[in-house]
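Here are some notes from going through the model, written as numbered points. Have the structure open while you read.

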Amino acid sequence: MVIVFPTNRTDRYSAVKRVCCVEMPVPSQVIMSRTISRGDKLKSITEKIALQINCKLGGALWALAIPMDHCMICGIDVYHAGVGQSMKGSVAGFVASLDKLLTSWHSKICLQGKHQELVDILQICLISAIKAYYRRNKRYPDRIIVYRDGVGDGQLDTVAKYEVKQLLATFKTIEINYQPTLTVIVVQKRINTRLFEISSTGLKNPPPGTIVDSHITKPALYDFFLVSQNIRQGTVSPTHYIVIYDNKKMKPDHIQRLTYKLCHLYYNWPGTIKVPAPCQYAHKLVSLGGQNIQQEPHLSLADTLYYL
């Protein structure tokens, strides 16, 4: 369903998304009238809209070779209601890949109750994702890699000691003997660290794909910095990744290569983005859930990118 709005109004947009995502589930695309009224850019604008509609209907725009079989890659983000907002508690967004090429994603929104721990919500989401993977592939994933967004330095201990433990316990609720390997990586994008490349003309931004995993990293953590974007103006900001759990014992080079590849797979942008695609999908998901629909979407939309 394509809807054209004359003006940008949040209440109208929220009402439409609530109907299309909850009450009468159908992929929807909202377009501002001024966006399609520019004749000189109409061709490129309509192409971008068509690509976005294609994604929402389950199409894949591009893919990369991922050399891992039976692997499910997940992204987690949490939306916290601001001061004065009517919504109580938080919204957890969970996305998980369903195929080897990482073109199909299962999504789950869980609204946090007043006395409900966030980790309980994450368990519900992980169970839903593993079952969706089984429906698609007729088997459970052997390896699960989780990119956890929205975690500050002060929360690392909680994630490492409590959330990871609960995620591992989740596997026994699927099947008593089910023991996939688990890797949990915290993603931090709001950091003060800046990286520069020394050239003959002075300092400049390092090229996309630059990894720094020594000297400026923290001695007590398994972490690295990645520059994934190409910035033409200003100073590029790297993203900080902290591997807080890995019982697969993946090589640092493999984790870093996978993370950089995932920065290419966000379908709303033709280039690389600052964080891995599952994190950005989870961010879009919780933004829609927390700001607009404020309910759990209909299950029939769970395996599509309806929230782009």
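Is K161 exposed or partly exposed? K161 counts as exposed, at 60% relative accessibility. Bear in mind throughout that this is a predicted model.

1. **The K161 pair.** K161 forms a salt bridge with D157, and the closest N and O atoms are 3.4 Å apart. Both residues belong to helix α4, which covers residues 156-174, and as they are 4 residues apart there, about one helical turn separates them. The partner, D157, is partly exposed, with a relative accessible area of 45%.

2. **A pair in α2.** E47 forms a salt bridge with K43, with the closest N and O atoms 2.6 Å apart. Here too the spacing is 4 residues, this time in helix α2 (residues 42-56), so E47 and K43 are separated by about one helical turn. K43 is exposed at a relative accessible area of 61%, while E47 is partly exposed at 41%.

3. **A pair from distant parts of the chain.** K100 forms a salt bridge with D69, the closest N and O atoms being 2.8 Å apart. This pair links distant parts of the chain, 31 residues apart: K100 sits in the loop between β4 (90-97) and β5 (105-111), and D69 in the loop between α2 and β3 (71-80). K100 is partly exposed, with a relative accessible area of 45%. D69 also counts as partly exposed, at 49% relative accessibility. If you want the tally, the rule used here comes to 10 salt bridges.

4. **Two domains.** The protein is divided into domain 1 (2-53) and domain 2 (64-301). Their C-alpha centres lie 28 Å apart. The contact takes 12 residues from domain 1 and 11 residues from domain 2.

5. **What the domain interface is made of.** Domain 1 and domain 2 bury about 880 Å² between them, and 61% of that is on carbon and sulfur atoms. How many salt bridges does the rule find across the interface of domain 1 and domain 2? It finds 0. There are, however, 5 residue pairs in polar contact between domain 1 and domain 2, with both residues at pLDDT 80 or more. On the side of domain 1 that touches domain 2, helix α1 (residues 10-23) gives the most, with 8 residues. By class, that side of domain 1 has 7 nonpolar, 3 polar and 2 charged residues.

6. **Q256 in α5.** Q256 is in helix α5. Q256 is buried: its relative accessible area is 9%, and the cut-off for buried is under 20%. What does the side chain of Q256 make a polar contact with? The answer is the side chain of D213, at 3.1 Å. Not counting residues up to four places away in sequence, Q256 touches I211, D213 and F224.

7. **T259, also in α5.** T259 is found in helix α5 as well, which spans residues 252-262. T259 is buried, with a relative accessible area of 0%. Leaving aside neighbours within four places in sequence, T259 is in contact with Y147, F224, L226, Y241 and P276. F224 therefore turns up in the contacts of Q256 and of T259.8. **Two residues with positive phi.** Most residues other than glycine have a negative phi. L102 is not a glycine, yet has a positive phi of about 60 degrees. H215, not a glycine either, has a positive phi of about 70 degrees. L102 is found in the loop between β4 and β5, and H215 in the loop between β10 (210-212) and β11 (223-227). Are these residues buried or exposed? L102 is buried, with a relative accessible area of 1%, whereas H215 is exposed at 82%.

9. **Past the end of α6.** Q294 is in the segment after α6 (277-293). Q294 counts as partly exposed, at 30% relative accessibility. The C-alpha atoms of Q294 and A277 are separated by 23 Å, with the two residues 17 residues apart along the chain.

Technical notes: Residues numbered from 1 in each chain as written. Heavy atoms only, no water. Helix = DSSP H or I, 4+ residues; strand = E, 2+ residues; numbered from the N terminus. Buried < 20%, exposed > 50% of the residue type's maximum accessible area, 1.4 Å probe, protein only. Domains from an automatic or database assignment. Contact = heavy atoms within 4.5 Å. Buried area = accessible area lost by both parts, 1.4 Å probe. Salt bridge = Lys/Arg side-chain N within 4 Å of Asp/Glu carboxyl O. Polar contact = N/O pair within 3.5 Å; in protein donor to acceptor, adjacent residues only side chain to side chain. Nonpolar A, V, L, I, M, F, W, Y, C, P; charged D, E, K, R; others polar.
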